[in-house]
Amino acid sequence: MAHAAHIDDEHGAEQPIVHAQGQQHPIKLYLVVWGWLFVLSACSYLVDYFALQGLLRWGLILLFMMLKAGLIVAVFMHMKWERLALVYAIILPPVALLVFVAIMVSESGYTLLTRMLFLGGS
C-alpha cells in the first residue's frame, strides 16, 4: 500500500493517507469468459436454428442458460474469489428453491391424477 502525508487542519498533525489497491485480474480471463459466453449463446441459438423440439430443446436451452449465468456470477460478479460462506449464502437459496419447485412438479402429476379419478375429469 502506498502511504502519503495529510495535514489535518483541525489538529495540525500529519495523518497518513492510505491508498487501497484493488485486486487486478488479467484481461485474458475476461476475454476467455466473453468468448465462452459467445459460444454458449451461439449454441443456444443453434438449438432454435436446428428446430429441436420437446424435452431436448428445453433441456439444452436451460443448460446453456445455467452455464452462462454461472460464468457471469463467478467471474464478473467476483464470486470465484469470495469466501466460501458468502458463496453458500448466495448459491444455496436458489438451489433450495429449485429443489422445492421440482418437488411441486412431481406432486402436480399426482394431484392431477387424483382429481381425474375422483372428480370425473377427462
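Biologist: Why is phenylalanine 76 called partly exposed?

Modeller: In this model, which is a predicted one, phenylalanine 76 has a relative accessible area of 26%; buried would require under 20% and exposed over 50%, so phenylalanine 76 counts as partly exposed.

Biologist: And what makes tyrosine 30 a buried residue?

Modeller: The relative accessibility of tyrosine 30 is 16%, and because buried means under 20%, tyrosine 30 counts as buried. Of the 122 residues of the chain, 10% are classed as buried.

Biologist: How many aromatic pairs does a search of the whole structure find, and why is the pair of tyrosine 30 and phenylalanine 76 called stacked?

Modeller: The search finds three aromatic pairs. In the pair of tyrosine 30 and phenylalanine 76, the ring centres are 5.7 Å apart and the planes stand at 25°; a pair needs centres within 6.5 Å, and planes under 30 degrees apart count as stacked, so this pair meets both conditions.

Biologist: Which parts of the chain does that pair tie together?

Modeller: Tyrosine 30 belongs to helix 1 (residues 27–49) and phenylalanine 76 to helix 2 (residues 54–76), so the pair ties together parts that are 46 residues apart in sequence. Ring pairs also link Tyr30 and Phe76 with Trp34 into a cluster.

Biologist: What makes the pair of tyrosine 49 and phenylalanine 50 edge-to-face?

Modeller: Their ring centres lie 5.4 Å apart with the planes at 75°, and since planes over 60 degrees apart count as edge-to-face, the pair is edge-to-face. Tyrosine 49 and phenylalanine 50 are both exposed.

Biologist: How do you know that arginine 57 forms a salt bridge with aspartate 48?

Modeller: The closest N and O atoms of arginine 57 and aspartate 48 are 2.9 Å apart, and the limit is 4 Å, so the contact qualifies as a salt bridge. The structure holds one salt bridge. Its acidic partner, aspartate 48, has a relative accessible area of 40% and is therefore partly exposed. Arginine 57 also lies over the face of tryptophan 58, at 5.2 Å from the ring centre.

Biologist: What is notable about phi at alanine 51 and at histidine 78?

Modeller: Alanine 51 has a phi near 55°, a positive value in a residue other than glycine, and histidine 78, which is not a glycine either, has a positive phi of about 60°. Alanine 51 is in the loop between helix 1 and helix 2, whereas histidine 78 is in the loop between helix 2 and helix 3. With 47% relative accessibility for alanine 51 and 33% for histidine 78, each counts as partly exposed.

Biologist: How do you know that the span of helix 3 agrees with its number of residues?

Modeller: Helix 3 (residues 84–119) has 36 residues, which at 1.5 Å a residue should span 52 Å, and its end C-alpha atoms are 51 Å apart, which agrees. Helix 3 nevertheless bends by about 30° at isoleucine 91, with proline 93 following within four residues. Just after helix 3, glycine 120 takes a positive phi of about 75°.

Biologist: What pattern does the chain follow along the sequence?

Modeller: The chain contains three helices and two strands, in the pattern β-β-α-α-α.

Technical notes: Residues are numbered from 1 along each chain as its sequence is written. This is a predicted model: local features need pLDDT of at least 70, side-chain atom pairs count only at pLDDT 80 or more; totals for chains, interfaces and linings use all residues. Side-chain values use heavy atoms; hydrogens and water are left out. The expected span of a helix is 1.5 Å times one less than its number of residues. The bend at a residue is the angle between axes fitted to the seven residues ending there and the seven starting there. Rings of Phe, Tyr and Trp (its six-membered ring) pair if their centres lie within 6.5 Å; planes under 30 degrees apart count as stacked, over 60 as edge-to-face and the rest as tilted. Buried means under 20% relative accessible area, exposed over 50%, partly exposed in between (1.4 Å probe, protein chains only). A charge sits over a ring if NZ of Lys or CZ of Arg is within 6 Å of the ring centre and within 35 degrees of the ring normal. A salt bridge is a side-chain nitrogen of Lys or Arg within 4 Å of a carboxyl oxygen of Asp or Glu.
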